[in-house]
Amino acid sequence: MRVLFVEDDAMNRKVVRDMLSVGGASMEEADTAELGLEMIGREDYDLILMDLRMPAMDGLTAIGHVRARGDAKATLPIIVVTADTGSSIIADCLEGGADLVLQKPVAMNDLFDAMGRLALKHSMNFSL
C-alpha cells in the first residue's frame, strides 16, 4: 500500500512512517497541503493521511481540492489525523470529504484498523 501523509510536523511524519513500515506500507510525505496536492497530481497513492492544521492551506481545504478533481483520484480514501477534538471537528471532516478521522497521538492499532476498514471499502490490498 502506498500512502501519502500530508503533515507539517516532521516528528509526526516520522512516527507514522515507522508505524506504516511495520505493516509493510510505504509512505511519502508532504510538509504542506500545496505540496501534497502537487504530489497527488503526479503520483498514484492508495491512501492519503491529512493533517488539519497547516500553514497557508489547511487540511479541509486540501481535501476539498482532492474531492473536486475530475478523475479517479477524487475518490482516494482520506483519513484525517488531527489533534483537534470534539464531535464538531469530526463532523466537519466527514462532511468535508474525509473517510475517517483519527486523533493524535495516533496509536498503531487505530491506524491499522482504519486502514483495514478503508481497504475493505475500497477493495485495496492491505494486510499485516
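Here are some worked exercises on this predicted model.

**Exercise 1. A bridge between strands**

Task: Find which elements the salt bridge between Glu28 and Arg2 links, and work out whether each partner is buried, partly exposed or exposed.

Solution:
- Start with the pair itself: the side chains of Glu28 and Arg2 form a salt bridge, at 2.2 Å from N to O.
- Now place the partners. Glu28 belongs to strand 2 (residues 26–30) and Arg2 to strand 1 (residues 2–6), so-called distant parts of the chain, 26 residues apart.
- Next, check accessibility. Glu28 has 25% relative accessibility, which makes it partly exposed. Arg2, at 22%, is partly exposed as well.

**Exercise 2. A bridge inside one helix**

Task: Say where Asp18 and Lys14 lie and how many residues separate them.

Solution:
- The side chains of these two, Asp18 and Lys14, meet in a salt bridge with an N to O distance of 2.7 Å.
- Both residues sit in helix 1 (residues 10–22), 4 residues apart, or about one turn of the helix.
- For accessibility, Asp18 comes out at 37%, so it counts as partly exposed. Lys14 has a relative accessible area of 44% and is partly exposed too.

**Exercise 3. A helix tied to a loop, and a network**

Task: Work out what the bridge between Arg67 and Asp99 ties together, then name the residues that shared partners join into one network.

Solution:
- The side chains of Arg67 and Asp99 make a salt bridge, 3.1 Å from N to O.
- Arg67 is in helix 3 (residues 59–67), while Asp99 is in the loop between helix 4 (87–95) and strand 5 (100–103), so the bridge ties together parts that lie 32 residues apart in sequence.
- Arg67 is partly exposed at 25%. Asp99 has 17% relative accessibility, and since the cut-off for buried is under 20%, Asp99 counts as buried.
- As for the network, salt bridges with shared partners join Arg2, Glu28 and Glu43.
- To put these bridges in context, the structure holds 14 salt bridges.

**Exercise 4. An arginine in helix 1**

Task: Decide whether Arg13 is buried or exposed, and list what it contacts beyond its sequence neighbours.

Solution:
- Arg13 is part of helix 1.
- The relative accessible area of Arg13 is 10%, so this arginine is buried.
- Set aside the neighbours within four places in sequence, and Arg13 is in contact with Phe5, Glu7, Asp8, Met27, Glu29, Ala30 and Asp31.

**Exercise 5. Helix 2 against helix 3**

Task: Describe how helix 2 and helix 3 cross, and sort the residues of their contact into nonpolar, polar and charged.

Solution:
- A reminder before we begin: a pair of packed helices is described by the angle and the distance between their axes.
- The axes of helix 2 (residues 33–42) and helix 3 come within 10 Å, crossing at roughly 20°.
- Because angles under 35 degrees count as roughly parallel, helix 2 is roughly parallel to helix 3.
- The crossing of helix 2 and helix 3 is right-handed.
- Helix 2 brings Ala33, Leu37 and Ile40 to the contact, and helix 3 brings Ala62, His65 and Val66.
- Sorted by type, the contact residues of helix 2 with helix 3 give 5 nonpolar, 1 polar and no charged.

**Exercise 6. Helix 1 against helix 5**

Task: Describe how helix 1 and helix 5 cross, then look at Val22 and ask whether it is buried or exposed.

Solution:
- The axes of helix 1 and helix 5 (residues 108–122) come within 10 Å and cross at roughly 65°. The crossing is right-handed.
- On the helix 1 side, the contact uses Val16, Met19, Leu20 and Val22; on the helix 5 side, Met108, Leu111, Phe112 and Met115.
- The split is 8 nonpolar, no polar and no charged.
- Now zoom in on Val22 and Met108: they are 86 residues apart in sequence, with their C-alpha atoms 9.4 Å apart in space.
- Val22 has 57% relative accessibility and counts as exposed.

**Exercise 7. Backbone oddities**

Task: Say which residues a cis peptide bond joins, and where Ala56 lies.

Solution:
- As background, most peptide bonds are trans, and most residues other than glycine have a negative phi.
- A cis peptide bond joins Lys104 and Pro105, with omega about -5°. Pro105 is in the loop between strand 5 and helix 5.
- Ala56 has a positive phi, near 65°, and is not a glycine.
- Ala56 lies in the loop between strand 3 (47–51) and helix 3. At 77% relative accessibility, Ala56 counts as exposed.

Methods
Residues numbered from 1 in each chain as written. Predicted model: local features only at pLDDT ≥ 70, side-chain atom pairs only at ≥ 80, totals over all residues. Heavy atoms only, no water. Salt bridge = Lys/Arg side-chain N within 4 Å of Asp/Glu carboxyl O. Helix = DSSP H or I, 4+ residues; strand = E, 2+ residues; numbered from the N terminus. Buried < 20%, exposed > 50% of the residue type's maximum accessible area, 1.4 Å probe, protein only. Contact = heavy atoms within 4.5 Å. Axes fitted to C-alpha atoms, helices over the stretch in contact; angles between N-to-C directions. Parallel < 35°, antiparallel > 145°, perpendicular 65-115°, else oblique. Left-handed = near helix turned anticlockwise from the far one by under 90°. Nonpolar A, V, L, I, M, F, W, Y, C, P; charged D, E, K, R; others polar.
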